[in-house]
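Student: I am new to this structure and would like to understand the reasoning behind the terms used for it. May we go through them one at a time?

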Amino acid sequence: MGIFKRLLQFASIFFTGLAILWIIKYAYSFSDYLIPPPAELLQVATSYWKIYLAAVVNTTAVAIAGHFSAILLATLVAFLGRSGSVIGNLTRTAAYNLQAYPIVAVAPIIFLFLGDGLASRLLIAAMICYFPLLLSFIGIFSEPVDQVEHFFRTTGRINWRLELAIRTFENLDKITTVIVGSGTMAIVGTIVAEFLAATNGIGYTIRKALYQSNLAKILVALFLIGLFSSLYLSLIEYIGGRIKMRLMGG
Amino acid sequence: MRLVCDNLYYRYPGTDTPVFKGLSFGIDRPGFISLFGFSGIGKSTLARIISGEIPPDKGRVDVETTGQILYSHNAERFPGWESTGHHLERVCDYGKRDLLAHLIEEYAVAPYLHSRYSGLSMGQKNRMNLIRYLVQDFGILIADEVLANVDEPTRNHILAGIKELLADRIFLYISHNALEVARFSRLVLVLPQNPEEGHTAIRIIDGLDEGTGQRTYEERTLQDRVYQLLRAASGMKT
């Protein structure tokens, strides 16, 4: 999906939601305190955009770092888990069982041990997208692509590097989709972590706005989160597309 | 050079009907041998058992050969990240470069060496795939419908060439085409459609063993041999 298409989709959803909110406000005569009018929203946006932009950049940076850590770790563990050996079977069983446990439920413990700084946010972001990545990667790396691998297997040329290269190449679209999906989860995880206990980022800003019952600030934060998520996910899709095109000789 | 299958039993996991019950046959010298039978009769399964890809439930395969047993089928693909020419060079066995160049010319695939495998026609894919097997070191090559998408004149030309090239090795050719099987094979192993009660009896029928530029038999002989193969495959007495 192109960057402009994704941004357009986000903008249409966001502004449709906003319009519905205002329709409800004026239809039922809700107070400005409950649902801010357009003028107030504009005023909040112009007054606070710099602070909120800095917060959302901070959150996105943590989410990207957590996402990449999770991709690296999931690749490594899936590589171990792809084999039929004892280690492989143990890794797969552990992955399938552990992923059933909601990471958000463990988040308070992480804050207790690591405090409310960067480390906790990074760890939660990484953990929240790690298991979906791991399960997909294990599936991809352990599923033979017999049509391509057969020749190398029958002639005794197969080795783990070739096997991994074939399976990765044949599943590039699936891998890109999984990484894009987990990218959303990384952003969600970071925001949830910030919302719970952190002292930085857009989640923390939303928490403060919530205590002030200021929906205008929350709406501005949501707009920026959506904008940056769309940009990040489009970037991953673009990189995935470029890699595939380059490998395909296009 | 020898290939013996002795009392093979095989049933696919989760099924009740065995593919083979006590299947036995032997090949005691090299040459162009065909495995013929109707669809679903177990030709590819037998090929995979002979090549060691799947073990039989019972029985054994004895092979006396100087090289490995290779099994090729027509659903295979080259890796998508490299051109066909680069791939052929990469997988060509040491000392087979001249043969590779010869086959590229003989099979008329030179114009497509810069293409990716996915960009080729089905017939071009078949020829490319066969080339990469022919430039390996092997004692037995099992070719399962590897020329299924190649036009008939080209296929006949390729098969006649293979007979010369692999005269000292066993080339086990699996095909549904009774005519080409009858023409080029020294021996045809026919898997009958309705195996006799109790065991799978493979029938061995002499082929016409046609080589490059030779045709020493009458048209009528070829017709008779084709009918004989079809009768054997359908389970009728030949």
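Student: What follows helix 10 of chain A, and what is the sign of its phi?

Tutor: In this predicted model, helix 10 of chain A is followed by A:Gly249, whose phi is positive, near 80 degrees.

Student: What makes A:Asn214 a cap of helix 10 of chain A?

Tutor: A side-chain oxygen of A:Asn214 lies 3.2 Å from the backbone nitrogen of A:Ala216. A polar contact requires N or O atoms within 3.5 Å, and A:Asn214 therefore caps the N-terminal end of the helix.

Student: How do you know that the span of helix 10 of chain A is close to the expected one?

Tutor: Helix 10 covers residues 215–247, which is 33 residues. From first C-alpha to last, helix 10 reaches 48 Å, close to the 48 Å expected at 1.5 Å a residue.

Student: Why is helix 5 of chain A called roughly antiparallel to helix 8 of chain A?

Tutor: Their axes come within 7 Å and cross at roughly 160 degrees. Angles over 145 degrees count as roughly antiparallel, so helix 5 is roughly antiparallel to helix 8. Their contact has 14 nonpolar, 4 polar and 3 charged residues.

Student: Why is helix 2 of chain A called oblique to helix 8 of chain A?

Tutor: The axes of helix 2 and helix 8 come within 9 Å and cross at roughly 125 degrees. That angle is not over 145 degrees, nor does it fall within 65 to 115, so helix 2 is oblique to helix 8. The residues in contact include A:His67 of helix 2 and A:Gly183 of helix 8.

Technical notes: Residues numbered from 1 in each chain as written. Chains lettered and ligands numbered in written order. Predicted model: local features only at pLDDT ≥ 70, side-chain atom pairs only at ≥ 80, totals over all residues. Heavy atoms only, no water. Helix = DSSP H or I, 4+ residues; strand = E, 2+ residues; numbered from the N terminus. Expected span 1.5 Å × (residues − 1). Polar contact = N/O pair within 3.5 Å; in protein donor to acceptor, adjacent residues only side chain to side chain. Axes fitted to C-alpha atoms, helices over the stretch in contact; angles between N-to-C directions. Parallel < 35°, antiparallel > 145°, perpendicular 65-115°, else oblique. Nonpolar A, V, L, I, M, F, W, Y, C, P; charged D, E, K, R; others polar. Contact = heavy atoms within 4.5 Å.
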